[in-house]
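User: Could you take a close look at one part of this protein for me? I'd like to hear about the aromatic rings, and then whatever else is worth knowing around them.

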Amino acid sequence: MLQNIRIVLVETSHSGNIGSAARAMKTMGLSNLYLVSPKSVDEQSIALAAGADDVVRNVHIVDTFEQAIEDCSLVIGTSARLRHLQSTLIEPRECAEKASAHQGQVAIVFGRERVGLTNEELLKCHYHLNIPANPEYSSLNLAMAVQLVSYEMRMAFLAKDKTESTLSTIENIYPTAQEMEYFFAHMEQVYQSLGFIQNQGVIQKLRRLYNRSSLEKNELNILRGMLSAVEKRLNLQKE
């Protein structure tokens, strides 16, 4: 998921902010940084990257906003203009949830240090990200904003990874519905051979019993083995 996410900085005026943003990204596992017409990328950028200089050195520099997002199917632009964007405003956590659920390339766009994104640029974004900071002091610098959003991205990634890992474990541990049906059919056949089952009511109760116990695959295999052993003994007796 994190490989599909790019951070886009538009017309960054202070080169040090590029390095600080790269550092914020790398600490959270993000590495795709796009710059739209930066004033400069220099030694100050490398110095403030503080070990994330690989993100700076591999940066994609483009001339226009459109070039930075042209292959992205989800574009989220940061904005402090609350009144005009109510229907498309999202906060960092929801932003990360949408990005983690998206299959294509995702761009998270940060505007100019002083004036942010233009109205024209905002119109080209699917959603608009607003960080609900303290209204009495909402001064976040560029790197802080990138850090906060990158953190939420990582948390969404870890949650998704954990969910997928849990589902994979469940698939490996617990039998499928089809495997349980094979077991029930096998059980009914053997118990009928033993004369144990006289009516379908017994089978229904046994189904409820085994379903309620949440059998694991290895436990089901033991029961199938027991049924097979009983079948084998019955066949020997018939001979």
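How many aromatic pairs does the count come to?

Analyst: The count comes to three aromatic pairs, bearing in mind that this is a predicted model. Take Phe183 and Phe184 to start with: their ring centres sit 5.6 Å apart with the planes at 50 degrees, so this pair is classed as tilted. Phe183 is buried, because its relative accessibility is 1%, and Phe184 is buried too, at 3%. Then there's Tyr191 with Phe196, an edge-to-face pair with 5.4 Å from centre to centre and 75 degrees between the planes. Phe196 counts as exposed, with 52% relative accessibility against a cut-off of 50%. Ring pairs also link Phe183 and Phe184 with Tyr210 in a cluster.

Staying in this stretch of the chain, have a look at the charged side chains. Glu181 makes a salt bridge with Arg207, and the closest N and O atoms are 2.8 Å apart. That pair links distant parts of the chain, with Glu181 in helix H8 (residues 177–194) and Arg207 in helix H9 (residues 200–212), 26 residues apart. Both ends are partly exposed: Glu181 has a relative accessible area of 40%, and Arg207 has 27%.

That bridge belongs to a set of ten in the structure. Another one joins Arg112 to Glu11, again with 2.8 Å between the closest N and O atoms. Arg112 is in the loop between strand E6 (106–110) and helix H6 (119–123), while Glu11 is in the loop between strand E1 (5–10) and H1, so this bridge ties together parts that are 101 residues apart in sequence. Arg112 is buried, at 15% relative accessible area, whereas Glu11 is partly exposed at 36%. Shared partners bring Glu121 in as well, so that salt bridges join Glu11, Arg112 and Glu121 in one network.

For a bridge inside one helix, go to H5 (residues 92–101), where Glu94 and Lys98 lie four residues apart, about one turn of the helix. Their N-to-O distance is 3.8 Å. Glu94 is partly exposed at 35%, and so is Lys98 at 26%.

Now for the nonpolar side. The largest nonpolar core has 34 residues, and Ile7, Leu9, Leu33, Ile108, Phe110, Val146 and Met153 touch the most other members. Helix H7 supplies the largest share of this core, six residues. Apart from it there is another core, of 15 residues, with Tyr34, Val36, Val62 and Val109 among them. Back in the largest core, Leu33 has contacts beyond its sequence neighbours that include Ile7, Leu9, Ile18, Val55 and Val59.

H7 also has a side that faces out: Met144 lies in this helix (residues 142–173) and is partly exposed, with 44% relative accessibility. Together with Leu140 and Leu148, Met144 makes a nonpolar surface patch of about 230 Å².

Last stop, helix H1 (residues 15–27), which holds Gly19. Gly19 is buried, with a relative accessible area of 0%. Beyond four places in sequence, Gly19 is in contact with Ser45, Leu48, Ala49 and Val56. Its C-alpha atom is 7.6 Å from that of Ala52, 33 residues apart along the chain. Asn17 is found in H1 too and counts as buried at 18%. Leaving out residues up to four places away, Asn17 touches Thr12, Glu113 and Leu142.

Methods:
Residues numbered from 1 in each chain as written. Predicted model: local features only at pLDDT ≥ 70, side-chain atom pairs only at ≥ 80, totals over all residues. Heavy atoms only, no water. Patch = residues over 30% accessible without salt bridge, like charges linked within 9 Å, V, L, I, M, F, W, Y side chains within 5 Å. Areas by Shrake-Rupley, 256 points an atom, 1.4 Å probe, with all protein chains shown as cover. Salt bridge = Lys/Arg side-chain N within 4 Å of Asp/Glu carboxyl O. Helix = DSSP H or I, 4+ residues; strand = E, 2+ residues; numbered from the N terminus. Buried < 20%, exposed > 50% of the residue type's maximum accessible area, 1.4 Å probe, protein only. Core = buried A, V, L, I, M, F, W, Y, C linked by side-chain atoms within 4.5 Å. Contact = heavy atoms within 4.5 Å. Phe/Tyr/Trp six-rings, centres within 6.5 Å; stacked < 30°, edge-to-face > 60°.
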